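Here are a few exercises to work through with the model open in your viewer. Try each one yourself before reading the solution.

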Amino acid sequence: MSPYLALLRNNPGYARLWFAQVISLAGDWFNIIALNTLVSRYTDGSGVAISLLLLARFVPPLLIGPFAGVLVDRFDRKMLLVWSNWLRVFVVLGFLFATSPDRLWIVYGLTLLQFILSAVFEPGQSALTPSLVGKDDLVIANTLNSATWSVMLALGAAIGGVVAALFGTAVALVIDALSFALAGGLIAAIRVPAGETPTTPTEHGHETGSLLEGLRFVLQRPTTAAVLLVKGATSLGNVDALATVYATQVFILGQDGQLSLGIMYSAFGLGAIAGPLLLNRFHDGLVRQLRRLIFIGFGFAVAGWLLVGSATFLGMLLLAFFIRAMGGSANWTYSNVIIQKTVPDRYLGRVFSLDFAVFQLSSVLSIIVHGGLVEALGAERLSIIAWGTALVSLMPLLAWLVMLPRMERSDARAVEALAGD
């Protein structure tokens with residue numbers, strides 16, 4: 001763990017950003033456990049109702065995200081992160097008023113607002129990271145970010161499930177609100193090095209900093225466009241909807257399945273830690289090798305879904321989520337690093353926002369399909385849904401295998417062109 005400790009010790013700005021992530025992610029999982037079980041309780045476990053809650057989380061970043069990327073490239077990234085945290089304090093406290101089934105609309109409405117603010121935070125954090133660490137540390141920084149998300153998923157989900165079961169959803173939601181307040185304060189204390197803030201449009205001639213320019217930049221670079229498909233392709237088949245149904249209707253532990261859902265998310269979190277840490281042993285920091293590791297990540301995702309479909313007891317299902325998370329986390333980490341290494345700083349906000357939008361689109365479609373299938377087939381047919389998801393997940397694995405040599409040939413031509421100049 002010494003490279004990670006050294007990274008935090010030598011980069012105080014990044015250390016504050018990382019610690020803010022630790023705090024806010026812990027609160028996030030308290031929120032997810034609380035609201036998922038609340039909706040399940042008020043709707044008698046309706047697959048459609050649970051899917052609507054998940055859609056309320058994923059649709060705002062899908063629709064707002066690309067425009068949020070323009071803000072990230074035009075304005076002070078640090079302050080955008082600060083205010084996206086502080087405003088979410090008040091949004092989360094509003095969930096306390098959802099005290100009966102007829103007030104369920106509050107949960108959906110505030111979730112939409114919460115994730116509109118999140119749509120600014122996600123690309124902003126990824127775009128700010130290269131300003132706080134050196135390029136040689138980007139793999140370590142993104143692995144630490146991914147591992148942090150995973151650890152807080154494992155711990156936060158487990159603790160959140162226990163807290164919600166013992167003390168109720170109100171306590172879990174107050175903890176989430178406090179986490180956003182603390183995270184915003186930590187980010188406000190970051191000192192971004194001079195010259196590492198987004199450039200204004202006039203500094204690059206005719207560039208205006210628009211979303212259209214970001215789209216044009218991506219479309220003119222096929223290798224960049226391919227990387228923007230990685231997160232979305234790995235997320236074909238969203239885990240959240242099926243995990244909630246498994247926890248609340250099949251493997252029920254604790255009140256309304258709160259404890260079993262927390263355990264499932266914990267297993268997923270542990271797998272997300274293991275993925276990048278395992279595959280980092282085989283990377284050399286070069287983009288070519290990171291692309292090859294992404295292929296392995298796709299393989300883990302397919303294997304995980306096959307095992308979900310075969311799970312006959314809780315332990316087997318936990319292993320399946322563990323393996324599925326290994327692939328998703330590895331691909332998230334390495335696609336982030338490739339973008340940070342190959343995209344100019346002035347485009348990072350827009351490119352990351354497009355990257356996250358593709359991920360959100362994939363997740364939204366998966367949630368709709370999974371929710372509809374659960375509603376139509378029932379909980380007793382979950383294995384069929386999982387096997388079908390495995391078949392769909394096989395497609396990006398094969399597509400990436402075909403694209404790999406083409407991307408490497410494109411890199412070789414680019415190097416030759418530079419040598420010729």
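**Exercise 1.** Is Phe 67 buried or exposed? Place the residue in its helix, then do likewise for Val 59 and Arg 74.

*Solution.* Keep in mind that this is a predicted model. Start with the helix: Phe 67 is part of helix α3, and so is Val 59, with the helix covering residues 47-74. Arg 74 is found in helix α3 too.

Now the accessibility. Phe 67 has a relative accessible area of 53%, and the cut-off for exposed is over 50%, so Phe 67 is exposed. Val 59 comes out at 26%, which makes it partly exposed. Arg 74, at 39%, is partly exposed as well.

Last, some C-alpha distances. Phe 67 and Leu 354 are 9.1 Å apart in space, with their positions 287 residues apart in sequence. For Val 59 and Leu 394, 335 residues apart along the chain, the separation is 25 Å. Arg 74 and Asn 336 are 262 residues apart along the chain and 21 Å apart in space.

**Exercise 2.** How many salt bridges does the structure hold? Find the partners and say what each pair links.

*Solution.* There are two. Take Glu 213 and Arg 350: their side chains meet at 3.6 Å, N to O. Glu 213 belongs to helix α8 (residues 211-219) and Arg 350 to helix α15 (residues 345-377), so this bridge ties together parts 137 residues apart in sequence. Next, check burial, where the cut-off is under 20%. Glu 213 has 10% relative accessibility, so it counts as buried; Arg 350 has 2%, so it counts as buried too.

Then turn to Asp 355 and Lys 231, whose closest N and O atoms are 2.4 Å apart. This pair also links distant parts of the chain: Asp 355 sits in helix α15 and Lys 231 in helix α10 (residues 230-234), 124 residues apart. Both of these residues are buried.

**Exercise 3.** Which ring does the charged end of Lys 231 sit over? Follow that ring to its aromatic neighbours.

*Solution.* The ring belongs to Trp 332, and the charged end of Lys 231 is 5.0 Å from its centre. From there, step to the cluster: Trp 332 joins Phe 352, Phe 356 and Phe 359 in one aromatic cluster. Across the whole structure you should count seven aromatic pairs. While you're at it, look for Arg 88, which lies over the face of Phe 121, 5.2 Å from the ring centre.

**Exercise 4.** Which members of the largest nonpolar core touch the most other members? Trace the contacts of Ile 339.

*Solution.* That core has 54 residues, and the best-connected ones are Tyr 14, Ile 187, Ile 339, Val 351 and Trp 400. Setting aside neighbours within four places in sequence, Ile 339 is in contact with Val 227, Leu 228, Leu 348, Val 351, Phe 352 and Asp 355. Another core, of 34 residues, lies apart from the largest one; its members include Ala 272, Val 308, Ala 311 and Leu 314. Two names should ring a bell: Phe 352 from the aromatic cluster and Asp 355 from the salt bridge with Lys 231.

**Exercise 5.** Where does the pLDDT fall below 50?

*Solution.* Begin with the overall picture: the average pLDDT is 80, and 90% of the residues score at least 70. The stretch to pick out is residues 199-203, where the pLDDT is below 50. Beyond near neighbours in sequence, this stretch has six contacts in the model.

Technical notes: Residues numbered from 1 in each chain as written. Heavy atoms only, no water. Phe/Tyr/Trp six-rings, centres within 6.5 Å; stacked < 30°, edge-to-face > 60°. Lys NZ or Arg CZ within 6 Å of the ring centre and 35° of its normal. Core = buried A, V, L, I, M, F, W, Y, C linked by side-chain atoms within 4.5 Å. Buried < 20%, exposed > 50% of the residue type's maximum accessible area, 1.4 Å probe, protein only. Contact = heavy atoms within 4.5 Å. pLDDT = per-residue confidence, 0-100. Helix = DSSP H or I, 4+ residues; strand = E, 2+ residues; numbered from the N terminus. Salt bridge = Lys/Arg side-chain N within 4 Å of Asp/Glu carboxyl O.
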